[in-house]
Amino acid sequence: MAEKSPLERKVQREIAARKEAERLLEQKALELYEANQQLQVALRQLEKQSQHDLRKFEFEEQVDSTMIQFGRAFLTNSVDDAILSNFLDQLTNSDVIETAFLNLTPNLIKTLNRTQFGHEDHARSQQTTTYIQWIDSKLHMPVEISRERVGELIFSVRVGDVDKDFIVNQMTLVLELLCSALSRQIILDSALDARLRAEESERSTKEFVAMINHELRTPLNGLLGSAELLSDTSLDDNQQIYLNNLTHSGDLLRTIINDLLDFSKISAGMMELIPTRFVWSEIENTLVGIFDSKAKEKCITFEVDTQQSFPKCFIGDAERVSQVLVNLVGNAIKFTSEGEVILRCQQSPNGIQFEVIDTGRGIAESAQRSLFDPFVQADRSSRRHFEGTGLGLAICKKLVELMNGEISFTSEIGKGTHFTVVLPLKAAKEVELNERDSADKVDRKSIQELSILVVDDIRMNLVIINQMLKKLKVTPDTQGNGFEALKAAEAKQYDLIFMDCRMPEMDGFEATQRLREQGWKIPIIALTAGTTLEEREKCIECGMDDILTKPYTAADLEAMITKWT
C-alpha cells in the first residue's frame with residue numbers, strides 16, 4: 001500500500017480529533033443532563049419539604065393563637081356552653097383539623113347545660129378511651145381531672161403533609177388547656193357552694209340567736225319586772241327573804257343569758273361596736289352603784305381610783321367598755337373575801353389603761369393558761385363556792401380585741417390578781433358634750449302631764465310597764481298590736497309611744513313606718529328583747545328614735561322618757 005501523504009495524515013488527524021471532540025461533547029451533554037435531572041429532583045424534594053414545613057408552621061401558629069385567645073377567656077370567664085363551642089370551632093379553622101367534638105360526663109360543671117359540644121357526627125362515640133390513640137383518621141384523647149376520666153376529646157384530622165406525632169403534640173397542649181379550665185371551674189363551683197353553705201349557716205345562726213334572744217329575755221322581763229313591783233309593796237320578813245332570793249336568781253339568770261347571747265353573737269360575727277361620745281363619770285357611777293353595796297356586804301373595800309390626768313369624756317362604745325369593767329370588777333369582788341378591790345384608771349402611751357386589783361384568793365398557775373377560754377373556771381370542782389358560766393373573761397378578751405385593745409393579768413395564790421386592760425379610746429372635748437346637752441335643752445312637760453301609748457302583745461309586759469309608769473304617776477294607754485296602735489294614734493295625740501317590735505297581725509316595725517309616712521313626729525321608742533345589730537338597725541331604719549331593751553326597770557323607763565320628752 002502506498003504511503004499516505006502528509007496532507008492525508010493531517011486530514012485524518014483532524015477527523016479523529018473532531019470525532020473525539022464530538023464524543024467528549026456528547027459525554028458532557030449527557031452528564032449535564034443527568035445533573036439537571038438530579039437538580040430537578042432535589043428542587044421538587046425541597047419544594048415538597050417547604051410546603052410540609054409551611055403547613056406545620058401554619059398549623060402550629062393557628063393552635064398557638066387559639067390557646068392564647070381562649071387561655072385568657074378561660075381565666076376571666078366561667079366555662080359555659082358558648083365558650084366551649086367557640087373554642088372547638090376555632091380549632092377547626094386550619095387545614096389539619098377537620099372537625100372537633102367534646103363529650104363530658106353529666107353534672108360535671110354547674111355552668112354547663114350540655115354534655116356534648118362540637119361536630120354532631122361524633123355524638124355516638126363511646127367514652128372508652130383511656131389513652132391517646134388514633135382510630136382511622138380520628139384522634140381520640142381522654143379528658144382527665146385529678147386522675148379521674150371525665151370525658152373525651154375527638155378530632156377528625158386531614159392526615160397529609162403534617163405527621164401524626166406533630167399533630168398529637170399540638171393537640172396535647174390543647175387538651176391540657178381544656179383540662180386546666182375545667183379543673184379551675186370545678187374549684188370555683190366548689191368554693192361558691194362552700195360560701196353559700198357558710199352564708200346559710202351564718203344566716204341560720206343569726207336567726208337562732210335573734211329568736212332565742214327574744215324568747216329568753218321576754219319572760220325574764222316579766223320575772224324581774226314583777227320582782228321590782230313586788231318590792232314596792234308591804235312585805236313581812238319571810239316574804240322579803242323570798243323576794244330577795246327571787247331578785248338574786250333573776251339577776252343571775254340575766255347575767256347567764258347575757259353571757260351566752262353575747263358569746264353567741266361574738267362567735268357568729270354579729271357583735272359590732274357602736275362608738276359614741278360618753279362621759280366617764282356615767283360609767284363610774286354605774287360601777288359604784290352596782291358593786292359598792294356588794295362590797296359592803298362582804299366587808300371589803302371597793303374603790304375607783306381615777307388619776308388627775310384621766311380624761312372626762314371619750315369617744316367609743318360606752319356599753320362595751322362598761323361590760324368589760326363590770327365583768328372584771330364583778331369577778332374581783334366575787335373572789336375576794338377580805339381586803340380590797342381597786343379599779344385604777346389612767347392614761348398610757350397606747351390609750352387608756354384600766355387596772356382591776358384585788359386581794360382575793362388568786363388564780364392557780366395551772367388554771368392561768370386557759371383562763372380566757374370559754375366555759376372555763378378557775379375552780380372546776382363539784383364543791384366550788386362561786387356561780388357562773390365561765391364566759392365572762394372569754395367575752396372580755398373578745399370585746400377588748402374587738403376594740404383593738406389588750407388585756408393581761410398576773411396572779412398569785414393567796415395574794416390576789418391584777419388585771420390590766422389598755423383600750424385605744426379617744427378623748428373628747430368636754431365642751432362638745434356640754435354644747436350637745438345645751439342643744440338638747442327644750443321646754444319640757446313634767447312626766448305626770450305626758451300622754452303615753454304602750455304597744456305590746458304580751459299581757460304580762462303590759463301589766464308590768466303599766467305599773468312601772470304608775471310609779472311615775474303616769475297612766476298610759478295600752479294596745480296589743482300595730483293595727484290597734486295606728487287607730488289609737490289617729491284618735492288621740494300622744495307625747496311618746498313605747499312600741500314592741502314583734503307582734504302578730506302588724507309588728508312594731510310596720511306600725512312605726514306607717515306612722516312616719518302619715519307625718520307623725522313624736523318620739524317612738526322600741527321595746528325589744530333583741531340585742532343584735534341587725535334588729536337595732538331595723539328599728540332605726542323604720543323610724544324609731546331609740547331602743548329600750550328588755551328586761552328594763554322603772555328607772556330605765558324614767559330615763560328614756562326624760563331623754564325624749
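In this predicted model, Asp 292 is partly exposed, with a relative accessible area of 25%. This residue forms a salt bridge with Lys 296, and the closest N and O atoms of the pair are 3.2 Å apart. Lys 296 counts as exposed, at 58% relative accessibility. Both Asp 292 and Lys 296 belong to helix H5, where four residues, about one turn of the helix, separate them.

**Salt bridges across the chain**

Side chains of opposite charge can pair when their charged atoms come close. A search of the whole structure finds 13 salt bridges. Three of these pairs, including the one in helix H5, are listed below with their N to O distances.

| Salt bridge | N to O distance |
|---|---|
| Lys 110 and Asp 193 | 2.5 Å |
| Asp 292 and Lys 296 | 3.2 Å |
| Asp 456 and Lys 550 | 3.3 Å |

The side chains of Lys 110 and Asp 193 meet in a salt bridge of 2.5 Å, N to O. Lys 110 lies in the loop between strand E1 (97-104) and strand E2 (116-118), while Asp 193 lies in helix H3 (residues 164-231), so this pair ties together parts that are 83 residues apart in sequence. Lys 110 is exposed, with a relative accessible area of 59%. Asp 193, at 22% relative accessibility, counts as partly exposed.

A salt bridge also joins Asp 456 and Lys 550, with the closest N and O atoms 3.3 Å apart. This pair links distant parts of the chain, 94 residues apart: Asp 456 is in the loop between strand E14 (452-455) and helix H10 (459-471), and Lys 550 is in the loop between strand E18 (546-549) and helix H14 (554-564). Asp 456 and Lys 550 are both buried.

Salt bridges may also be joined in a network, and one such network links Glu 228, Asp 232 and Lys 471.

**Aromatic pairs**

The structure holds 13 aromatic pairs. One of them is formed by Trp 280 and Phe 310, whose ring centres are 5.4 Å apart and whose planes meet at 75°, so the pair is edge-to-face. Trp 280 lies in helix H5 (residues 280-297), whereas Phe 310 lies in the loop between strand E7 (301-306) and strand E8 (313-316); the pair therefore ties together parts that are 30 residues apart in sequence.

Trp 280 has a relative accessibility of 4% and counts as buried. Phe 310 likewise counts as buried, at 6% relative accessibility. Trp 280 and Phe 310 belong to a cluster in which ring pairs link Phe 278, Trp 280, Phe 310, Phe 314 and Phe 354. Helix H5 thus provides Trp 280 for the edge-to-face pair, and the salt bridge between Asp 292 and Lys 296 is placed in helix H5 as well.

**Surface patches**

On the surface, Glu 58, Glu 60, Glu 61, Asp 64 and Asp 95 gather in a patch of negative charge. Glu 58 lies in helix H1 (residues 6-76). The relative accessible area of Glu 58 is 39%, so this residue is partly exposed.

A nonpolar patch on the surface is formed by Leu 7, Val 11 and Ile 15, which together have about 250 Å² of accessible area. Ile 15 is placed in helix H1. With a relative accessible area of 32%, Ile 15 is partly exposed.

Notes:
Residues numbered from 1 in each chain as written. Predicted model: local features only at pLDDT ≥ 70, side-chain atom pairs only at ≥ 80, totals over all residues. Heavy atoms only, no water. Patch = residues over 30% accessible without salt bridge, like charges linked within 9 Å, V, L, I, M, F, W, Y side chains within 5 Å. Areas by Shrake-Rupley, 256 points an atom, 1.4 Å probe, with all protein chains shown as cover. Salt bridge = Lys/Arg side-chain N within 4 Å of Asp/Glu carboxyl O. Lys, Arg positive; Asp, Glu negative; His and termini not counted. Charge placed at Lys NZ, Arg CZ, Asp CG, Glu CD. Helix = DSSP H or I, 4+ residues; strand = E, 2+ residues; numbered from the N terminus. Buried < 20%, exposed > 50% of the residue type's maximum accessible area, 1.4 Å probe, protein only. Phe/Tyr/Trp six-rings, centres within 6.5 Å; stacked < 30°, edge-to-face > 60°.
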